[in-house]
Amino acid sequence: RSPMPGMPEGKAAGVPCLQLSEDMACRIFASPERPSFCASFQAEPLICGNSRDEALAIIRVLERDSG
């Protein structure tokens, strides 16, 4: 498992990825530095909802319930 560039200890839940730009785009999307776990992520409506706000609300619940 390759670490996220700039985050050698990994990304904690609730912490934004350092590779996200101000407009929420991945800065390393086309880069060979992009970790395989990012490249293989498949959005699921159950987790991602129908909007960014909905996704963040779902993720907050999951983080709360798993912490």
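This text describes the largest pocket, the cysteines and one backbone feature of a predicted model.

The largest pocket holds about 1,300 Å³ of space. Its lining comprises 29 residues, and those closest to the centre of the pocket are Lys-11, Cys-17, Leu-20, Phe-41 and Ile-59. Three helices, H1 (36-39), H2 (45-48) and H3 (52-66), each provide at least two lining residues. The largest share of the lining comes from H3, which contributes six residues. In terms of residue class, the lining of the largest pocket consists of 19 nonpolar, four polar and six charged residues.

Cys-17, one of the residues closest to the centre of that pocket, leads to the matter of the cysteines. The whole structure contains zero disulfides. For Cys-17, the closest cysteine sulfur is that of Cys-38, at 6.3 Å, which is too far for a bond, because a disulfide requires two cysteine sulfur atoms within 2.5 Å. Cys-48 also has its closest cysteine sulfur in Cys-38, but here the distance is 13 Å, again too far for a bond. As to solvent accessibility, Cys-17 counts as buried, with a relative accessibility of 17%. Cys-48 has a relative accessible area of 22% and is therefore partly exposed, since the buried class ends at 20%.

A final point concerns the backbone at Met-24, in the segment that precedes helix H1 (36-39). Met-24 is not a glycine, yet its phi is positive, at about 70°. The relative accessible area of Met-24 is 40%, so this residue is partly exposed.

Terms used. Residues numbered from 1 in each chain as written. Predicted model: local features only at pLDDT ≥ 70, side-chain atom pairs only at ≥ 80, totals over all residues. Heavy atoms only, no water. Helix = DSSP H or I, 4+ residues; strand = E, 2+ residues; numbered from the N terminus. Buried < 20%, exposed > 50% of the residue type's maximum accessible area, 1.4 Å probe, protein only. 1 Å grid on protein atoms, 1.4 Å probe; cavity = no way out; pocket = protein on both sides within 12 Å on 5 of 7 lines; lining within 4 Å. Points joined across faces, edges and corners; volume = space filled by probe spheres on them. Nonpolar A, V, L, I, M, F, W, Y, C, P; charged D, E, K, R; others polar.
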